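Please look over the chain below before reading on. The report afterwards walks through selected helices, loops and single residues.

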Amino acid sequence: MDSKVMSSPGEIARVYKELSLYPSLSRADVGPVITSQYGGKYSNIYTEWSQRDLERNENVKFCRQYIVFHDDKSVVYSGASGNCTEIKGEVLSKDSPSGDMKAVVRESSVKGEDKQFLEVWSKNIKMKSINLSALKKHGKVYDDASCYYLTLFGCLVWSHSETHLLYVAEKKRPKAESFFQASNAEQQANPNNPATEGQFVFHEDWGEALGDKSCPVLCILDIEGDFVSVLDGLPDDISPGQAFWAPGDTGVVFIGWWHEPFRLGLKYCPNRRSALFYMDLTGGKCEQLSSGKTSVCSPRLSPDQCRIAYLECSVYGPHMQCSKLCMYDWYTKKTSVVVDVIKRPGKDGFTGIYSSQLSPQCWSADSQRIIFACPQRSRKDLLMVDINTGSINSLTAKSDIGSWCLLNIERDLMVVSCSSPNCPPSLWVGFLPGIDSQENVDWVTLEDSEKLQDVDWQILTFTPPSEDDNSQYSNLEFDALLIKPKEVKDEVKLPLIVTPHGGPHSVIVAEWLLSSAVLCRMGFAVLLVNYRGSIGYGEDSIYSLLGNVGTQDVKDVQFAVESVLKSGSIDEQKVAVSGGSHGGFLACHLIGQYPGFYKACVARNPVINMASMIGSTDIPDWCMVEAGFVFNTDCLPDAAEWEKMLNISPIKYVSQVKTPVLLTIGEDDKRVPNKQGIEYYKALKARQIPVRLLWYPGNNHSLSKVDAESDGFMNMVLWMIQHFSD
Ligand SMILES: CC(=O)N[C@@H](C)C(=O)N[C@@H](C)C(=O)N[C@@H](C)C(=O)O
């Protein structure tokens, strides 16, 4: 018997609006320990959240604070201290280590002009408000540090002495104005140093979502002197970021990315050549602390200020890899590998490290352990590493919660966000047990979320049929998340939406996913496929896909779908496929390679033709590597490479397509240029295949702005409902 899915746009919008209210956590800071006159101890927890506001068509950012009474080892009592406060205009903010002051980089419009100010607050007074724009020492302050897992360059860091602030900004550029407007006085004053470079010089940027970032510089504010200095003495061919103060504030440590001969897209690309550097502020010398032959990120100083932990992976190659956890000893200057790459999961089940960012603080108070959240197959767990033995323990593997995120840890008090496909994010705290303790973490809830009682989820594991085994990387398994309405009568068959993730080297973990929850509430089943090549399954799985995209990944998805159909709970006449980017590549491949199997297809910024993409994407290396070739900045594809990129692309199968296609395209997409979608649109129209294209101005590759995301979702479900009845 067919199940009835919700089909009224008004009703669907109501469900979407209801479930989109759940906010997500983007940051948490643990304040200093305060001891009351009676000996009781407490710490303030500052949290930042974001929530979709469909009326204002924006993601609203707000904060909420909590107070946690404890005895340094366990939570005695906790509770919110006040309600939420919307945060507007704050680019970055950071409390000083003592908690006595707070620094804020604020954007404000003065007489219609956007300005940036650096504010220093103490208790109930704004002690300083420095107009950074007026100083003309640098360009805009880099804002990509408010949410740690999205940080690339940005930072706002107090010196240990609390007298200086370190941040990253765009390098100052000559005024972009006509040569004929520059004032004569300026010309005369600087005959050899033109006040302008004209208006039309091309400045490289760092690609998708980083279009306003080109030449970062490290800046230091001397709070007492109200003086900003831009650090010089760094190598000209590197771009600095992720900086922090060295022990004793003798200098600054940072990550430097090489940007010659040209910048490649950096977002979701932790495989760019980079190194750990130390700029000694006393001697003015810049020292490279790691080899420079790898890609490093996320440096974190231990509480005893003796070691720096950081993540490392190979340069180029797959864009997300299994990382090493490395450690630099500040005093011996020796580097060691604490956790190495895992090719295949061992008996302990540990599959390797797949995080591209460690939490702002990640060390235990004794500086002997490192804690991080990491995808492990289709879950995301909290892992703890002993730096002396390299032993790894999961703090959450036994939990029935599918995904954990470490927001911060300070003096062993952890702040985490956790969720499942049927449970929105919750905020918990708990103390890390002692290094020799066998106890579990005693978690305390600061903000709870109610499980959706009508939504169920499970992780399915698949072994590809022998004919699809990869002879070079054999016997690899993969997973899929099946999320569906809970109370379904036996005879009822559900419509199914299949969604392979993009990347391709990423993974869908069992976390709260708004679209899946709404689809289930509407009566759909959802299958999220982590095909071979996903991260979280060992390095071999990742490498097994290189050169095999368009076949191995397509077959894995189809195998998972056909396996689920055998269960008999799905209506075979109502199966649709959707995906974004590489997921869109797979969706368009599936309707081309299995003509008529899928009744509807929705593709967000899909890769359609790798041969035409390579010349205009911010990640040309991705096209070469995924096609199975080696990328070098000084070489162009040869005819054979162009041919293979064309042959492994969905456009190759467009003449077999029967499935109606909805394309959702971001006008500002630098990752998968919008012309990819138009190429497929025209090819389908020429073959009288029903195709509709939605064009989202002011939106990029993710189509994650509130307008595009919500409009894209509504159009997706209505497109599927319409064509299920074809
Ligand atoms: C894992 C990842 O994101 N890789 C990057 C190189 C990337 O942007 N890949 C795109 C082709 C892609 O598929 N992106 C996915 C993650 C998306 O949904 O945007």
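What follows is a short tour of selected features in a predicted model.

## The annotated domain

A UniProt annotation, from an unreviewed entry, reads "domain: Peptidase S9 prolyl oligopeptidase catalytic" and covers residues 517–725. Over residues 517–725 the chain is 43% helix and 16% strand. The end C-alpha atoms of this stretch are 23 Å apart.

## Helix α7

Helix α7 takes in residues 582–593. At 1.5 Å a residue, its twelve residues should span 16 Å. The end C-alpha atoms are 16 Å apart, which agrees.

Is α7 enclosed or open? Eleven of its twelve residues are buried, so the helix is largely enclosed by the rest of the structure. Among the buried residues are His582, Phe585, Leu586, Cys588, His589 and Ile591. Glycines are on the list as well: Gly583, Gly584 and Gly592. The buried residues of α7 pack against two helices, α6 (552–565) and α11 (675–686). They also pack against the strands β32 (494–500), β34 (570–580) and β35 (600–604).

## Glycine 579

Glycine 579 lies in strand β34. Strand β34 is one of the elements that α7 packs against. Glycine 579 is buried, because 26 other C-beta atoms lie within 10 Å.

Which residues does glycine 579 touch, leaving aside those up to four places away in sequence? The contacts are Thr499, Pro500, Gly502, Gly584, Leu586, Ala587 and Ala603. Gly584, Leu586 and Ala587 are also among the buried residues of α7. Isoleucine 67 is far off along the chain: 512 residues separate it from glycine 579. In space the two C-alpha atoms are 42 Å apart.

## Helix α1 and its two partners

Two packed helices are described by the angle between their axes and the distance between the axes. Take α1 and α4 to begin with. Helix α1 (residues 9–19) and helix α4 (residues 514–522) pack at an angle of about 140 degrees, with axes 10 Å apart. The two are therefore oblique to each other. Their crossing is right-handed. On the α1 side, Ile12, Val15, Tyr16 and Leu19 make the meeting. On the α4 side, the residues are Leu514, Ala517, Val518, Arg521 and Met522.

Now turn to α12. The axes of α1 and α12 come within 11 Å and cross at roughly 135 degrees. That makes α1 oblique to α12. This crossing is right-handed. Here Pro9, Ile12, Ala13 and Tyr16 in α1 meet Ser710, Phe713, Met714, Val717 and Leu718 in α12. Ile12 and Tyr16 of α1 thus appear in both meetings. An α-helix has 3.6 residues a turn, so residues three or four places apart point the same way.

## Around helix α4

The buried residues of α4 are Ser516, Ala517, Val518, Leu519, Cys520 and Met522. They pack against the helices α1 and α12 (706–724). They also pack against strands β30 (455–462), β31 (478–485), β32 and β33 (525–530). Glycine 523 follows α4, and its phi is positive, near 110 degrees.

## Unusual backbone spots

Most residues other than glycine have a negative phi, and most peptide bonds are trans. Where are the cis bonds listed here? One joins glutamate 260 and proline 261, with omega about 0 degrees. Proline 261 lies in the loop between β16 (251–258) and β17 (274–280). Another cis bond joins glycine 503 and proline 504, again with omega about 0 degrees. Proline 504 sits in the loop between β32 and α4.

Two residues other than glycine have a positive phi: glutamine 305, at about 55 degrees, and leucine 703, near 50 degrees. Glutamine 305 lies in the loop between β19 (295–301) and β20 (307–313). It is partly exposed, with 15 other C-beta atoms within 10 Å. Leucine 703 lies in the loop between β37 (691–696) and α12. Leucine 703 is buried, with 22 other C-beta atoms within 10 Å.

## An exposed asparagine

Asparagine 192 is found in the loop between α3 (184–189) and β13 (216–222). Is asparagine 192 buried or exposed? It counts as exposed, because it has 4 C-beta neighbours inside 10 Å. Asparagine 192 and methionine 127 are 65 residues apart along the chain. Their C-alpha atoms are separated by 41 Å.

Methods. Residues are numbered from 1 along each chain as its sequence is written. This is a predicted model: local features need pLDDT of at least 70, side-chain atom pairs count only at pLDDT 80 or more; totals for chains, interfaces and linings use all residues. Helices (H or I, at least four residues) and strands (E, at least two) are DSSP runs, numbered from the N terminus. The expected span of a helix is 1.5 Å times one less than its number of residues. A residue is buried if 20 or more other C-beta atoms lie within 10 Å of its own, exposed if 12 or fewer, and partly exposed in between; C-beta atoms are placed from the backbone. Two residues are in contact if their C-beta atoms, placed from the backbone, lie within 7 Å. UniProt positions are given in the numbering used here, feature names are shortened, and annotations may be inferred rather than shown by experiment. Axes are lines fitted to C-alpha atoms, for helices over the stretch in contact, and angles run from 0 to 180 degrees between N-to-C directions. Angles under 35 degrees count as roughly parallel, over 145 as roughly antiparallel, 65 to 115 as roughly perpendicular and the rest as oblique. A crossing is left-handed if the near helix is turned anticlockwise from the far one by less than a right angle, and right-handed if clockwise.
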